[in-house]
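Work through the following exercises with the sequence and the structure beside you, and try each task before you read its solution.

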Amino acid sequence: MAKISKTRQKELRAARKNRQEIAAAGLSRRELFKMGLITSAGYLIPKRGLSARALSSAGYRDGCEESPPTTPFLEPLPTHTNGGMVLNTTVGSFGECFPPPVAPCPSPREGRRAPHQALARFPPQKLYEVHQRRTLKSVHPQLPLQPLWGFGRAIDPPDVAWVPGPTYREDYNVPVLVRNFNELPANNDGFGRNQVTTHQHNGHTPSESDGFPCDYYNSGKFYDQHYPNVLAGFDSTHPPTGDINESMSTLWYHDHRVDFTAQNTYKGLAGFYLLFNQFDTGNEESGFRLPSFPEFDIPLMLTDRVFDRETKLLCFDLFELDGILGDKFLVNGKIQPFFNVQPRRYRFRILDAGPSRFYQLFLTNLQNLNAQNGFWQISNDGNLLPRPIPVTSLKLGVAERADIIVDFSQYAGQTLYLENRLIQDDGRGPRNELFPPGQGNLIMKIVVAPGVAPDLSAHPSTQAFYALPSTADPPRVTRVFRFDRTNGQWAINNRLMDPTCEEVRFRVLRGRVGVPSVEHWILQNNSGGWSHPIHIHFEEFQILERNGVPIPDNSVEKSRKDVVRLGPNETVKLFFRFRDFGGRYPMHCHNTVHEDHAMMLRFDIVDQGADTIREP
Amino acid sequence: MSSIDRRRWLALSGAAVVGTGLATQSAGQQMVKPAERAVSPRERIRERHLPNFTLTTHEGKQVKFYDDLVKDKIVVINMMYAQCQGVCTPITANLLRVHKLLGPRVGKDIFFYSITIAPEKDTPKALRHYAEMHKIKPGSGWLFLTGKPDEIETLRRKLGFVDPDPVVDRDKSNHIGNVRFGNEPRMLWAAHPGLARASAIASAIAGLSDDREEPPDAGGKGGR
């Protein structure tokens, strides 16, 4: 048998992919010409950037192959005024175990094992039910209905669930209790574990309601999650209501079942959790006057996925330990949708929901590739910045969020594309390299209506939000965490994670009134060519330094955050102030595939006295 | 690719695709939808990851990887080689602790497989010596396996014992750190570091078969 060289094989496959993708893109001849893909004589030019699902560097792929082609921009973006669901139905009572008690119920259906820390202090004013279920869902008209897992509401029929899950639209100081039912089937259609623990990312939420990875519970059970919706500092630095400058806006929730988080979130178990207050009101006529929810305040959940070429069903690389890249880009659960907008300001809350991809997003006009189409970044990880920062692109690692304001009045009558131009070939992380404009991944088509539209929102250049909380207090302790890779295993400080979460790696002090609890954490990435979005539960941090250099004032990283992108050989220094609630929380890589292969540790937030217990 | 000329690229692409042909396919036009192949997800996993290669056990028996070793079972799979001076030995020792913790289930519904990554050197006899060195008894539900080098290489890749960096990938020691486990009929597959705490690995493996399995820390030290 004639041997084809590896390089040649790669070229052949690349060429085939290019053809598929170009055909699938359904671009006009004029667009292809503009993109530099076609010569004046009408011939296609070979191009690497079109395929988002490259072979591994070693030249093979053994899991899911490339997805079947789909025509982009056929369906509208699901929003809260178009098919997307807000969790708007509170319930008056639960069938059993009511009113929701502090201690776990003596019921065989109870999934919780720890008492609520703060139910009495923050009695719930809203009760919700969600039901985690299998459902059949269309992601694209050219693909069959997909068996996914999502969240149904109390009023939904038993075969209905929302993917993405319904959006919580909540207010500070209005505590919420959710009874979260696990009704997932044992037959997983190929991947996914029907045991769940829903993480509220990254609420100031007691451990037992936070969705700790080992607090999972079985199908047939329920778990009460209590979200106090309270500002950090209420019981410590800023009693009794907390620090307004710790206000958070764009949170999300997702399954966190240890070892199976990537599979379960890939299957759909994720949604938004939005918090409003007297400044960020959801109404452009009050407070900060940000574009009104839900018409002009649009969450965008970005996910990348692969579909089986033969069955056309969602495919998960079960044996891939390094990270999974999809070649289909979904926004709010639809592959490459379009979105018709008015020529006015919009707030987009953009979330990289993984599993492993990093993005650098641009607004691209295919008719004018040289145009720098600017917008304003107003938040980092859902926390409003001190003031809006004008940018021309947006970087996101897995689980990071950013709110942006786009003023479409300057693009009236144009068609723009939300384009990811960051080059990433495998789960190790992105290259430090961009595709040329128009040659990246066109994620969503944005059609701007011509003319003018009413707009009562404030111009971003005139806005100021929350000041950054001071980082001047000296640290009680400075900890160093080295992230390594050894024999293909992830290690933190040369130790492997305990996948049952039983081992407490260290304890941090719970700040109360008069108890200082500032810490500095230094995170070092020693794992070679890998990038890791590191997430620390519960307390927002500030990045003090990246690679020894303080974060400049005009940087979008000068902010409160809960995920830090740790590039190859990078070191960051973080400022923390642990306070108010206690319990067990994880730090982990949010490349969910790394996370499921034990790139995680547990730390406990404890009271003075308990913190002196054995500390490694 | 930039150095490729047009003629070469067209040859590579296998057909002279020209712009006019593409331009007719405008957005909104439904593409021809080929019929989906009716194949179960379990079958698809088998096709992708669980080839039915003939392997030889350390007891000298010929077995089929899928039919005899994996089908309808809970399996624990790692890779090693007998002459390994590094992490193989402690991982085998750790898996032996896992094996003991799982007790009589091993050999009944749970099976351990250690596949050599050096099939050229690791004869059944060499693997038998390795097993005896670790006091792994015949009939204990734990097989050490060798086979044709190219098939072992394919198996290694299909089971994901790989590194995306080709230089790292050539170093065998980078594929021996993880242990894979799965419940084949339930389509549940996961992995742990081979040196994770034995009780943790054991409870994760046991938990693959039983929905009543709860997290081991049932005390829930969350609140106070």
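Two residues are said to be in contact, or to touch, if their C-beta atoms, placed from the backbone, lie within 7 Å. Keep in mind throughout that this is a predicted model.

**Exercise 1. The nonpolar core**

Task: State which residues have the most contacts inside the largest nonpolar core, and find which residues I205(B) touches.

Solution: Begin with the general expectation that, in soluble globular proteins, nonpolar side chains tend to be buried together. In this model the largest nonpolar core has 196 residues, and those with the most contacts inside it are L302(A), I350(A), I404(A), L574(A), V76(B), Y113(B) and I205(B). Next, take I205(B) and leave out residues up to four places away in sequence; the residues that I205(B) touches are then I74(B), V76(B), L102(B), I110(B) and F181(B).

**Exercise 2. The two chains**

Task: Describe chain A and chain B by their helices and strands, and then by their buried residues.

Solution: Start with chain A, whose secondary structure comes to five helices and 37 strands. Of the 616 residues in chain A, 58% are buried, and among its contacts between residues at least 6 apart in sequence, 77% join residues at least 24 apart. Then turn to chain B, which has nine helices and seven strands. Of the 224 residues in chain B, 42% are buried, and the share of contacts joining residues at least 24 apart, again among those between residues at least 6 apart in sequence, is 68%.

**Exercise 3. Two helices of chain B**

Task: Find which residues of helix 3 of chain B are buried, and explain why they line one face of the helix.

Solution: Helix 3 of chain B runs over residues 41-49, and its buried residues are P41(B), I45(B) and H49(B). Seen down the axis of helix 3, these buried residues fall within an arc of 45 degrees, so they line one face of the helix. The general background is that an α-helix has 3.6 residues a turn, so residues three or four places apart point the same way. Now ask what covers the buried residues of helix 3: the cover includes helix 7 (149-158) of chain B. Helix 7 in turn has buried residues of its own, namely I152(B), L155(B) and R157(B), and what covers them includes helix 4 (65-70) and strand 4 (110-116) of chain B. Finally, look just beyond helix 7, which is followed by G160(B), a residue with a positive phi near 80 degrees.

**Exercise 4. An open sheet in chain A**

Task: Give the strand order of the open sheet that contains strand 1 of chain A, and explain why one side of each edge strand is left without a neighbour.

Solution: The four strands of this open sheet have the order 2-1-4-8, and their pairing is mixed. Strand 2 (146-153) and strand 8 (222-227) stand at the edges with a single partner strand each, so one side of each is left without a neighbour in the sheet. From one strand to the next, the twist averages 25 degrees. As a last step, examine one pair: strand 1 (residues 126-137) and strand 2 of chain A are antiparallel, with eight bridges, and the bridge partner of V130(A) in strand 2 is R153(A).

**Exercise 5. Strand 13 of chain A and its partners**

Task: Decide whether the residues on the two faces of strand 13 of chain A are buried or exposed, and then name the strands with which strand 13 pairs.

Solution: Strand 13 covers residues 328-331, with K328(A) and L330(A) on one side and F329(A) and V331(A) on the other, and all of these are buried, which leaves both faces covered. Strand 13 pairs with strand 11 (residues 297-307) in the antiparallel sense over four bridges, and within strand 13 the bridge partner of T303(A) is L330(A). Strand 13 also pairs with strand 14 (residues 334-335), again in the antiparallel sense, over two bridges, where K334(A) of strand 14 is the bridge partner of V331(A). Strands 13 and 14 form a hairpin with two residues between them, and N332(A) in the turn has a positive phi of about 50 degrees.

**Exercise 6. A loop glycine**

Task: Locate G287(A) and explain why it is classed as partly exposed.

Solution: G287(A) lies in the loop between strand 10 (270-276) and strand 11 of chain A. A residue is buried with 20 or more other C-beta atoms within 10 Å and exposed with 12 or fewer; G287(A) has 15, so it is partly exposed. Without counting residues up to four places away in sequence, G287(A) touches Q278(A), F279(A), D280(A) and T281(A).

Conventions:
Residues numbered from 1 in each chain as written. Chains lettered and ligands numbered in written order. Predicted model: local features only at pLDDT ≥ 70, side-chain atom pairs only at ≥ 80, totals over all residues. Pairing = 2+ DSSP bridges. Arc of directions from axis to C-beta. Core = buried A, V, L, I, M, F, W, Y, C linked by C-beta atoms within 7 Å. Axes fitted to C-alpha atoms, helices over the stretch in contact; angles between N-to-C directions.
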